[in-house]
Amino acid sequence: MTERSSGGLHTLAVHSVNGYPGTDGSVAAFAIDAPRAGDRLPGLGLEVNGWVIGRHEGIVGVRTVAAGAPSHLHPLDVRRPDVAADYPDHPAAGNSGFSFWAPVDTDAGSWTFQIEAVFAGGRSIPLATIQGAALLEQPRFPPGHRPVWGPDFVIIGTQRGGTTSLHAYLGAHPLVTTPVTKELHYLTDRYERGSDWYAGQFPSSLQRGALTGEATPYALFHPRSPHRLRDVAPAARIIVLLRNPVDRAYSHYRLERSRENESLSFTEALAAEQSRLAGEEQRLAADDTYVSHVHNHASYLSRGDYAPQLEGWFSAFPRERFLILRSEDLYECPEESFARVTSFLELPSLATVSFTAHNRGEGPPLDETIRGRLMQHFAPRNDRLTELLGWDPAWT
C-alpha cells in the first residue's frame, strides 16, 4: 500500500479561460477544449487541448506566454475529424488539433498565461488567456479509509500482450479502482508532469482492503520506468504479461500502420529498426525530459527481447513483487489467469467478470517465411528469458 504524503497535494484551480474572438481576421476559428473554468487539477501544470484554423495563412502550432516569456512551439499534430466535418471548406481543419502540457509558475499563488497561434511566416496572435490559483490541498478521508499516494499495482507490459483486457477485468472488481485513462504514461512519456499529477490520477483515499492501480505497457521497455515507479510507489506490485515475441511484433506493427505511424512494410520496418532506435535508449536513460517517438512506436523486435527489460525492473524491486504471466494463457484461460492475478494482489476471487477480449487487432496472418526468420531471431533471447524466469514460456 502506498500512502499520500502528509505535505498535501499541489492542485491548480482554473478561474477563467477567456478567448479573443475579435482577432485580426487571420484565424478562421479555434476552441480551447481543456482546461475549463472551475476545473481543479492535480500537479503544477495543465494539459491544454484545443484546435485552431488559419483563414488564409497556415498555422504551424501554438505556444504559451507567461510573464512575457514564450514557450517552445507545440505543433498542430492532433487529428480532429470533428473539426473537419464542421469546417469542410478549410483543408487544414482535419489536422488542426493541439495537446500539450504547460508548466505553471505557482510561486505567487495566482498564475496566468496566454496561448498564441503561430503562423508559418513566424508571426503570432493571441487566442486565449487562462488564469487561476495554486493550492496545497490536504487529503480528507472518512473513517476506515486509508490515504493513497500512488498505485498499489501497475501492469507494466507488454504492449499488444493483453494489458487492456487485464486492466478491464481488474477494473470490474468491486475492490479495485482504476483511473479513467488506462495508460497514464507518467513512468514513460509524461514524467515532466510531476509526482503530484500522478498521485492525483488515483483516489485520494480507499477503504481498507481496496486497491488502485494502472496499466502502462510501454513501462516494461522504458529504461527509466523502474526507478520512477520505485520513487513514487516503492511498495507497488507489478504485473507483467509476456506474449510470443513474434506475434507481439507483428501485432505492434499492424497497430502502428492502422494509426498511420508507420509507412514501411513489415519487412522494411524490421530492417530499419536498428538504425531508427540507435542511441535512443541511451538518450532516454540520460535525460529525464527526453521523449522518443521511435523508441515507443518502432520497437517491433526490441520489445520482444524480454530478459534485459525484466532485469532492469528486478534491479529496482524485489522479485516477489512481480507476477509474470504468459499472454497466451490470459487469452486461452482468462478465468485461471485472472485468479492468479487476484491471488497475487490479495483480493477476493470474483466470479462475475465478463472475460471479453479487449483491443484485439485484426489483419492478415503473418507470412510463414517471415515467421520462421523471426523465430530464429528470438530463439536465443527466449532461452535467456527461460533461464531468468526459471520456467519455459514455450513459444514454438
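## Exercises on charge pairs, a buried helix face and unusual backbone geometry

Aspartate 33 has a relative accessible area of 27%, which makes this residue partly exposed. The model in which this residue is examined is predicted.

**Exercise 1. Determine how far the model can be trusted along the chain, and identify a stretch where pLDDT is below 50.**

Solution.
- Step 1: The chain has a mean pLDDT of 94. A value of 70 or more is reached by 96% of the residues.
- Step 2: The stretch with pLDDT below 50 covers residues 1-6. This stretch nevertheless has 27 contacts in the model beyond near neighbours in sequence.

**Exercise 2. Trace the salt-bridge network that contains Arg80, and state how accessible each member is.**

Solution.
- Step 1: Begin with the principle that oppositely charged side chains can pair when their charged atoms come close. Across the whole structure, the search returns 19 salt bridges.
- Step 2: One of the partners of arginine 80 is aspartate 33, with 2.9 Å between the closest N and O atoms. This pair connects distant parts of the chain, 47 residues apart: aspartate 33 belongs to strand 2 (residues 27-34), whereas arginine 80 sits in the loop between strand 7 (74-75) and helix 1 (81-86).
- Step 3: Arginine 80 also forms a salt bridge with aspartate 82, again with closest N and O atoms 2.9 Å apart. Asp33, Arg80 and Asp82 are thus linked in a network.
- Step 4: Apply the cut-off of under 20% for buried residues. Arginine 80, at 15% relative accessibility, is therefore buried. Aspartate 82, at 41%, is partly exposed, and aspartate 33, at 27%, is partly exposed as well.

**Exercise 3. Classify the two residues of the salt bridge between glutamate 183 and lysine 182 as buried, partly exposed or exposed.**

Solution.
- Step 1: The closest N and O atoms of glutamate 183 and lysine 182 lie 3.2 Å apart.
- Step 2: Lysine 182 has a relative accessibility of 16% and so counts as buried. Glutamate 183, with a relative accessible area of 25%, is partly exposed.

**Exercise 4. Explain why the buried residues of helix 9 lie on the same side of that helix, and list the elements against which they pack.**

Solution.
- Step 1: Helix 9 spans residues 306-314, and its buried residues are Tyr306, Ala307, Gln309, Leu310, Trp313 and Phe314.
- Step 2: These residues lie on the same side of helix 9 because they cover an arc of only 160° around the axis. In general, an α-helix has 3.6 residues a turn, so residues three or four places apart point the same way.
- Step 3: The packing partners of these buried residues are strand 12 (153-157), strand 16 (237-242) and strand 17 (322-326), together with helix 4 (225-232), helix 5 (245-258) and helix 12 (368-389).

**Exercise 5. Describe the largest nonpolar core and establish which element supplies the largest share of it.**

Solution.
- Step 1: The largest nonpolar core has 37 residues. Within this core, the most contacts are made by Tyr198, Leu229, Val240, Leu242, Leu310 and Trp313.
- Step 2: At least two residues each come from helix 3 (194-199), helix 4, helix 9, helix 12, strand 12, strand 16 and strand 17.
- Step 3: Helix 9 provides the largest share, five residues.
- Step 4: Besides this core there is a second, separate one of 23 residues, which includes Ile32, Phe98, Trp111 and Phe119.
- Step 5: Return to valine 240. Leaving aside residues up to four places away in sequence, valine 240 touches Ile156, Gly157, Leu220, Leu310, Phe322, Leu323, Ile324 and Leu325.

**Exercise 6. Locate two cis peptide bonds and two non-glycine residues with positive phi.**

Solution.
- Step 1: Recall that most peptide bonds are trans and that most residues other than glycine have a negative phi.
- Step 2: Alanine 34 and proline 35 are joined by a cis bond with omega of about 5°. Proline 35 is in the loop between strand 2 and strand 3 (40-42).
- Step 3: The bond from glycine 157 to threonine 158 is also cis, with omega near 0°. Threonine 158 belongs to the loop between strand 12 and helix 2 (163-171).
- Step 4: Glutamate 346 has a positive phi, near 60°. This glutamate 346 lies in the loop between helix 11 (334-344) and helix 12, and is exposed at 61% relative accessible area.
- Step 5: Alanine 394 likewise has a positive phi, about 60°. Alanine 394 occurs in the segment after helix 12 and, at 45% relative accessibility, is partly exposed.

Key
Residues numbered from 1 in each chain as written. Predicted model: local features only at pLDDT ≥ 70, side-chain atom pairs only at ≥ 80, totals over all residues. Heavy atoms only, no water. Buried < 20%, exposed > 50% of the residue type's maximum accessible area, 1.4 Å probe, protein only. Helix = DSSP H or I, 4+ residues; strand = E, 2+ residues; numbered from the N terminus. Arc of directions from axis to C-beta. Contact = heavy atoms within 4.5 Å. Core = buried A, V, L, I, M, F, W, Y, C linked by side-chain atoms within 4.5 Å. Salt bridge = Lys/Arg side-chain N within 4 Å of Asp/Glu carboxyl O. pLDDT = per-residue confidence, 0-100.
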